[in-house]
Amino acid sequence: MSVTRIQLSGAPCPIPRHLQILLDETAETLGDWQGETEAHTFVPADYVLVFDALYELRPQMPKGRRPEFLEWGSGLGIVTLLASALGWKATGIEIQPRLIRSSLETSRAFDLSARFLEGSFFPEDESVVDNLAKLVRHADLIYVYPWPDQEIEIFDLFDRYAAPGARLLTYYGIEDVRAFQKL
Ligand SMILES: C[S@@+](CC[C@H](N)C(=O)[O-])C[C@H]1O[C@@H](n2cnc3c(N)ncnc32)[C@H](O)[C@@H]1O
């Protein structure tokens, strides 16, 4: 495997006011989604923790062009929207249409330019999004909060298709955000 772990300082950074409003407003929507029984249940990450990691990784992105961000399973779109606000060209892939609709509404409401694609991020799935390989190859940072049974496949996808130098940010649960880099 050509993926190595990189250290995050874990230093908290103050969230800009407009993004705190985004988090506060979407927090109200979150409750409606928890406990859903669909096959691909949505569970939110700790967005303050993930924001700290995005903020730390942002200066490490390539210079001279807008870096690209991709979220595998974007849920309500919050992390993709935070990445967009921090200057990434941000795309979220999500399999549940209702979550895509909600993400697009939030993106419009906060005047952000994130893109949300409906479908699967697993290449072998029937519902795979168009141009998945290209999206992954172009991503400078991929973020995912995987289900435990997806973790190995996720690493394999990143290892096989991400560009050398790309970062992977994973949320595994309370206080557990990790970063990796493709060599
Ligand atoms: C644990 S939730 C995390 C949501 C979001 N990334 C976050 O950090 O708040 C996982 C999300 O991945 C989506 N998902 C699961 N499998 C997927 C797949 N194969 N393709 C696209 N989305 C998927 C689910 O619908 C759900 O919204």
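This is a friendly dialogue on reading the fold of a predicted model.

Biologist: Where do I start: how many helices and strands are in the protein chain?

Modeller: Begin with a tally, then look at the sequence of elements. Here the protein chain has six helices and seven strands. Starting at the N terminus, they follow one another as β-α-α-β-α-β-α-β-α-β-α-β-β.

Biologist: What does the radius of gyration tell me about the protein chain?

Modeller: Compare the value with the one expected for a compact globule. For 183 residues that would be near 16 Å, and the protein chain has 15 Å, so the two agree. The C-alpha trace spans about 40 × 40 × 30 Å along its principal axes. As for burial, 37% of the 183 residues are buried.

Biologist: How do I read the contacts between residues at least 6 apart in sequence?

Modeller: Ask what share of them join residues far along the chain from each other. In this protein chain, 65% of those contacts join residues at least 24 apart.

Biologist: Now the sheet. What is the order of its strands?

Modeller: Read across the sheet rather than along the chain. This open sheet of seven strands has the order β1-β7-β6-β5-β2-β3-β4, and its pairing is mixed. At the edges stand β1 (3-6) and β4 (115-118); each has a single partner strand, so one side of each lacks a neighbour in the sheet. On average, neighbouring strands are turned by 25 degrees against each other, direction ignored.

Biologist: Does β1 run parallel or antiparallel to β7?

Modeller: They are antiparallel, with four bridges joining β1 to β7 (residues 176-182). To find the pairing in the model, look for Arg5, which stands opposite Phe180 in β7.

Biologist: Which strands do α3 and α6 lie across?

Modeller: Take one helix at a time. Helix α3 lies across β2 (68-72), β3 (89-94) and β5 (141-144), and runs at about 175 degrees to β3. Helix α6 (residues 151-161) lies across β1, β2, β5, β6 (167-173) and β7, at about 110 degrees to β1.

Biologist: And at what angle do helices α2 and α3 pack?

Modeller: Look at angle, distance and handedness together. Helix α2 (residues 47-57) packs at about 35 degrees to helix α3 (residues 78-85), and their axes are 10 Å apart. The crossing is right-handed.

Biologist: Which residues of α2 and α3 meet there?

Modeller: From α2 come Tyr47, Val50, Phe51 and Leu54, which meet Ile78, Val79, Leu82 and Ala83 of α3. Sorted by kind, the residues of this contact are eight nonpolar, no polar and no charged.

How values were computed
Residues numbered from 1 in each chain as written. Predicted model: local features only at pLDDT ≥ 70, side-chain atom pairs only at ≥ 80, totals over all residues. Axes fitted to C-alpha atoms, helices over the stretch in contact; angles between N-to-C directions. Helix = DSSP H or I, 4+ residues; strand = E, 2+ residues; numbered from the N terminus. Left-handed = near helix turned anticlockwise from the far one by under 90°. Contact = placed C-beta atoms within 7 Å. Nonpolar A, V, L, I, M, F, W, Y, C, P; charged D, E, K, R; others polar. Rg over C-alpha atoms; globule rule 2.2 N^0.38 Å. Buried ≥ 20, exposed ≤ 12 C-beta atoms within 10 Å, placed from the backbone. Pairing = 2+ DSSP bridges.
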